[in-house]
Amino acid sequence: MNNGIVVVVAASGVLYGTPLLFAALGELLAERSGVLNLGVEGMMLVGAVMGFWTVQRVHGNSALVLTAAIFVAALAGAVIALIHAFLVVTLRANQIVSGLAVTIFAGAAGLSSYLGNDLNLADKPARHAFDNISPFGLEKLPLAGPILFGQPLLVYISWACVILIALYLSRTRPGLNVRAVGESPAAADAMGINVAGYRYAHTIVGGAFAGVGGACFSLSITPQWVDGLTQGAGWIAIALVIFAFWRPELCLVGAYFFGAFSALPFTLQARGVTIAPELFQALPYVATVVVLVIVSMGWTKRGLGAPAALGTPYVREEL
Amino acid sequence: MSVRIERRLEQPRWLGVAVPTGSIVLALLLTGAVLLLTGHDPVHAYHRLFNAAFVGKDALTQTIVSATPLAFTGLAAAAAFRMQLFNIGAEGQLYFGAIFAAAAGLYLHSWPSALLIAAMVVAGAFGGAAWAAIPGVLRAFCRTNEIITSLMLNYVAALILNYLIFDSLSYWRDTSTPEAKVFPQGKLLPDAANWPSWGIVHSGPGLVIPLGFGVAVLVAVGLWALYSRTRFGFEVQVLGDSWRAARYAGIRTRRKILAVMCLSGAIAGIGGASQDGDFRHLLDPRGLQQAGYGYAGIVIAALARYNPFAVVLISLLLGGLQNAGYALQGADFPSGLVGVMEGLILFCALGCELLRRYRVRVVRRAGPEPSVPATEPTS
């Protein structure tokens with residue numbers, strides 16, 4: 001408790017921002033390939049429930065079980081994303097409606113609740129959860145130590161993911177191809193890039209990231225399962241991608257800001273300061289609208305990174 | 001052999017009925033498979049679902065209660081989506097309608113009932129339209145994508161709603177008793193603000209129709225007339241089909257965007273007013289947010305292919321599902337089944353929509369295929 005309030009808020013911003021970061025990275029991959037995925041919330045919830053199921057049912061070494069749980073959560077998110085990909089890529093359905101359908105199907109009143117109930121997971125403490133770890137005693141560092149280190153393992157993994165995705169999109173052939181598919185599928189097709197394949201792959205991998213993001217809640221932040229555990233984090237993740245101009249490194253910064261906003265009211269309350277929590281909770285959404293307006297006003301030279309073909313199906317014969 | 005998907009040059013009329021019906025049947029089969037896989041008896045579950053939604057005592061009445069807000073948000077979505085204007089903010093616009101209508105109901109408590117109800121409808125429509133005007137103006141004048149702004153504003157609206165009741169001593173909050181200060185809730189509307197309902201069938205299971213549902217049907221008729229019988233509607237359709245053609249024809253796109261956005265918001269707002277007047281009789285943030293009316297409305301509009309009358313019919317179907325979900329909650333009924341079913345119906349409807357617009361043909365490799373390259377492009 002001898003940490004200043006800034007440190008406490010920043011540390012909780014990192015903790016609460018991590019699920020947002022995972023989900024936003026997934027959404028970023030899908031959107032960069034031109035697929036708008038409004039089903040993130042549903043994918044996160046299914047990832048959360050399946051990850052939690054794994055730690056409850058699989059016996060063994062804690063580290064192994066948690067690794068398995070993360071893979072199961074990723075797989076669950078990927079399977080749900082596959083539905084979305086099939087509908088919007090192969091069947092050319094409206095991406096908005098399909099994404100919302102995914103959230104209704106998998107979300108708080110859908111499959112995640114069904115699974116949680118059927119697998120009898122509710123209201124039980126997790127048998128394994130991620131502990132806070134402090135690599136090389138870095139937590140002792142002044143200021144940055146308690147904020148960035150002494151966090152659960154998933155926080156460090158998310159940093160690796162940010163770096164890998166940033167390098168992937170800017171430095172590798174497939175990464176550049178994804179961007180081509182997202183900007184101009186027709187041109188990409190003419191280059192010989194398999195547009196449908198890229199869109200499938202990135203939507204599915206994006207869903208896996210969302211599943212891991214959901215598992216952050218059920219295995220790390222609040223290690224338990226209740227219906228609607230993520231409480232709208234999926235929607236904030238969608239906002240975050242825009243807020244970060246579709247760039248992974250900015251997603252990291254934005255996620256911690258948004259995470260801090262959502263944790264701030266509780267921290268303040270614990271110190272006897274009462275400010276309406278709604279004020280802080282609304283900030284991510286308002287900030288995203290403001291960023292969108294700035295982007296679309298064209299004050300900046302280029303559109304700041306919104307994939308040009310975002311949300312439009314690609315059919316070779318119809319342009 | 002290969003499968004080809006090619007555009008239909010003309011769409012046979014029977015497909016417009018066969019495709020939605022087929023997709024609902026397919027969804028029921030898929031849900032049955034989910035139930036079987038998880039060790040439930042699908043026939044038993046469907047039987048109970050159907051009873052709770054349509055057959056049992058008061059079932060149909062409750063179904064209409066659940067269907068009323070869905071009809072409004074469905075019509076709101078249909079109004080905007082017709083023009084390819086993707087207003088997914090019906091959720092927030094419904095909240096704002098409820099806030100404004102509750103304010104009108106509380107403030108004008110001395111007015112005669114009929115006038116007060118009319119005032120609530122107008123206030124609700126105004127509230128919804130005002131909230132929808134934000135993404136509308138941004139889209140019309142800053143070219144900001146309305147999908148994300150209207151989505152984000154849903155959450156802002158929900159937080160404002162919570163603030164009014166849970167975290168402030170606003171005009172809407174009941175502060176008359178000590179308990180009300182501990183357990184925050186909205187101020188009760190005056191009796192004159194309660195919307196009437198009519199018992200149609202008194203014997204058997206019974207059927208009571210609330211005023212709100214009647215208003216929804218009227219709105220559907222009005223929307224149909226506006227879109228198929230007026231110049232405004234024609235211009236909206238042209239804009240929906242081809243933005244560029246409309247511009248060349250001299251149609252004022254900015255005005256139209258703003259008008260359609262506000263119209264859509266107003267319809268959702270009346271849905272909020274109906275929630276206050278018909279069912280809840282106070283501003284009830286939890287109840288309004290629980291069901292996700294706005295999102296379900298988009299789904300309904302898509303299923304109805306933006307036809308207002310079909311929206312009302314399908315809202316009855318999904319309303320029945322939601323009502324059955326509430327009625328069978330707990331007990332031994334699998335929770336979340338209703339969401340799974342709604343989702344599957346949608347997936348099937350979206351998937352089968354392809355069959356209406358395209359035809360799937362299995363072609364032999366030997367035949368001449370000028371438009372399909374012989375090899376798949378590699379990455």
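Colleague: Which helices of chain B do the buried residues of α2(B) pack against?
Modeller: They pack against α3 (59-81) and α14 (308-327) of chain B. Helices here are DSSP runs of H or I with at least four residues, strands are E runs of at least two, and both are numbered from the N terminus. "Packing" rests on contacts, meaning C-beta atoms, placed from the backbone, within 7 Å of each other.
Bear in mind that this is a predicted model: local features need pLDDT of at least 70, side-chain atom pairs count only at pLDDT 80 or more, and totals for chains, interfaces and linings use all residues. Residues are numbered from 1 along each chain as its sequence is written, while chains are lettered from A and ligands numbered from 1 in the order in which they are written.

Colleague: Which residues of α2(B) are the buried ones?
Modeller: L49(B), A52(B) and A53(B). Buried takes 20 or more other C-beta atoms within 10 Å of a residue's own, exposed takes 12 or fewer, and partly exposed is in between.

Colleague: What makes you say that the buried residues of α2(B) line one face?
Modeller: Looking down the axis of α2(B), the buried residues fall within an arc of 90°, so they line one face of the helix. The arc is taken from the directions that run from the helix axis to the C-beta atoms. On the face turned away from that buried side sit the exposed residues V43(B), H44(B), H47(B) and V55(B).

Colleague: How do you know that the span of α2(B) is close to what is expected?
Modeller: Helix α2 of chain B covers residues 42-55, which is 14 residues, and reaches 18 Å from first C-alpha to last, against an expected 20 Å. The expected span is 1.5 Å times one less than the number of residues. In chain A, α4(A) has twelve residues and reaches 16 Å, set against an expected 16 Å.

Colleague: Why is α4(A) called largely enclosed?
Modeller: Eleven of its twelve residues are buried, so the rest of the structure largely encloses α4(A). Among the buried ones are Q95(A), L100(A), I104(A) and F105(A). The cover includes α2 (40-57), α3 and α5 of chain A, together with α13 (293-303) and α15 (337-357) of chain B.

Colleague: And why does strand β4(B) count as lying largely in the open?
Modeller: Strand β4 of chain B has six residues, 358-363, and the number buried is zero, so it lies largely in the open.

Colleague: What makes β1 and β4 of chain B a pair?
Modeller: Six bridges join strand β1 (residues 2-7) to β4(B), and the two run antiparallel. Pairing needs DSSP to find at least two bridges. One of the bridges sets S2(B) opposite V363(B).

Colleague: Why is chain A called as compact as a globular protein of its length?
Modeller: Let me start with the make-up of chain A, 13 helices and two strands. Its radius of gyration is 20 Å, close to the 20 Å that the globule rule gives for 319 residues, so chain A is as compact as a globular protein of that length. The radius is taken over C-alpha atoms, and the rule is 2.2 Å times the number of residues to the power 0.38. The C-alpha trace spans about 65 × 50 × 40 Å along the principal axes, and 55% of the 319 residues are buried.

Colleague: How do you know that chain B agrees with a compact globule?
Modeller: The rule puts a compact globule of 379 residues near 21 Å, and chain B has 23 Å, which agrees. Chain B holds 15 helices and four strands, and its C-alpha atoms fill a box of roughly 80 × 60 × 45 Å along the principal axes. Buried residues are 49% of its 379.

Colleague: Why is C161(A) buried, and A129(A) partly exposed?
Modeller: C161(A) has 20 other C-beta atoms within 10 Å, and is therefore buried. A129(A) has 19 neighbours, so it is partly exposed. C161(A) belongs to helix α7 (residues 153-171) of chain A, while A129(A) lies in the loop between α5 and β1 (132-133) of chain A. Leaving aside neighbours within four places in sequence, A129(A) is in contact with L219(A), S220(A) and P223(A).

Colleague: How many residues does each chain put into the contact between them?
Modeller: Chain A gives 47 residues and chain B gives 43. On the chain A side, the largest share, twelve residues, comes from α13(A).

Note on methods: Contact = placed C-beta atoms within 7 Å.
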